[in-house]
Amino acid sequence: MAQAATQTAPVASDPNLRPDDLARWKDVMGLPCTISVEIPLSAFKVRDLLTLERELVIGSAWPTTSNLPVRVNGEAVAWCEFEVIGSRLAIRLTELV
């Protein structure tokens with residue numbers, strides 16, 4: 001299963017962007033991206049998919065200490081770990097690909 005979210009691109013006021021970087025990326029800065037975090041569920045079957053219900057908890061053999069792959073528009077870009085911030089689930093990037 002994957003968790004998807006949308007994030008906005010850096011804006012022109014970002015102090016980390018050099019003027020030549022801003023000029024080079026200007027045309028694509030406003031394009032939307034889909035970020036997904038993949039949680040491997042190797043034992044998940046089609047019959048499990050067909051019996052999904054609200055509030056069902058799906059177990060994973062993935063260790064909680066292991067990083068999860070992050071994809072942007074289907075391309076692997078980073079690894080992350082989950083983090084709870086208040087009542088929201090977030091990801092913390094741990095490594096860029």
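User: Which residues are linked in a network of salt bridges?

Analyst: This is a predicted model, so let's read the pairs off its side chains. Arg18 and Asp21 meet in a salt bridge at 3.5 Å, N to O, and Arg24 also pairs with Asp21, at 2.5 Å. The network of linked residues is Arg18, Asp20, Asp21 and Arg24.

User: Where do Arg24 and Asp21 both lie?

Analyst: Their side chains meet in a salt bridge, 2.5 Å from N to O. In sequence they sit three residues apart, about one turn of the helix. Both belong to helix H1, residues 19-25.

User: Is Asp21 buried or exposed?

Analyst: Take its partners to begin with: Arg18 is partly exposed at 47% relative accessible area, and Arg24 is exposed at 58%. The cut-off for buried is under 20%. Asp21 has 15% relative accessibility, so it counts as buried.

User: How many salt bridges are there by this rule?

Analyst: The rule asks for a side-chain nitrogen of Lys or Arg within 4 Å of a carboxyl oxygen of Asp or Glu. Arg18 with Asp21 passes at 3.5 Å, and Glu38 with Arg71 passes at 2.6 Å. The count comes to five.

User: Which residue forms a salt bridge with Glu38?

Analyst: The closest N and O atoms of this pair are 2.6 Å apart. The pair links distant parts of the chain, 33 residues apart, with Glu38 in strand E2 and its partner in strand E3. Glu38 is partly exposed at 28% relative accessibility, and the partner is partly exposed too, at 26%. That partner is Arg71.

User: What is the distance in space between Ala43 and Ala61, C-alpha to C-alpha?

Analyst: Ala43 is placed in the loop between strand E2 (35-38) and helix H2 (46-50). It counts as exposed, because its relative accessibility is 58% and the cut-off is over 50%. Ala61 is 18 residues away from Ala43 in sequence. In space, C-alpha to C-alpha, the two are apart by 8.9 Å.

User: Which strand gives the most to the nonpolar patch?

Analyst: The patch on the surface is formed by Phe82, Val84, Leu89, Ile91, Leu93 and Leu96, with about 600 Å² of accessible area together. Two elements give two or more residues to it: strand E4 (75-85) and strand E5 (88-96). With four residues, the top contributor is E5.

User: Why does Leu96 count as exposed?

Analyst: Leu96 lies in strand E5 and is one of the residues of the nonpolar patch. Exposed means over 50% relative accessible area. Leu96 passes that cut-off because its relative accessibility is 65%.

User: Which element has the lowest mean pLDDT?

Analyst: For the protein, the mean pLDDT is 84, and 85% of the residues reach 70 or more. At the top end, strand E3 (residues 68-72) has the highest mean among the elements, 95. The lowest mean, 48, belongs to residues 2-5, strand E1.

User: How many contacts does the stretch of residues 6-10 have in the model, beyond near neighbours in sequence?

Analyst: Confidence is a caveat here: the pLDDT is below 50 over residues 6-10. A contact needs heavy atoms within 4.5 Å. Leaving near neighbours in sequence aside, the number of contacts for this stretch is five.

Definitions and conventions: Residues are numbered from 1 along each chain as its sequence is written. This is a predicted model: local features need pLDDT of at least 70, side-chain atom pairs count only at pLDDT 80 or more; totals for chains, interfaces and linings use all residues. Side-chain values use heavy atoms; hydrogens and water are left out. Patches are made of residues with over 30% relative accessible area and no salt bridge: like charges are joined within 9 Å, nonpolar side chains (Val, Leu, Ile, Met, Phe, Trp, Tyr) within 5 Å. Accessible areas come from the Shrake-Rupley method with a 1.4 Å probe; for residues, only the protein chains shown count as cover. Buried means under 20% relative accessible area, exposed over 50%, partly exposed in between (1.4 Å probe, protein chains only). pLDDT is the predictor's confidence in each residue, from 0 to 100.
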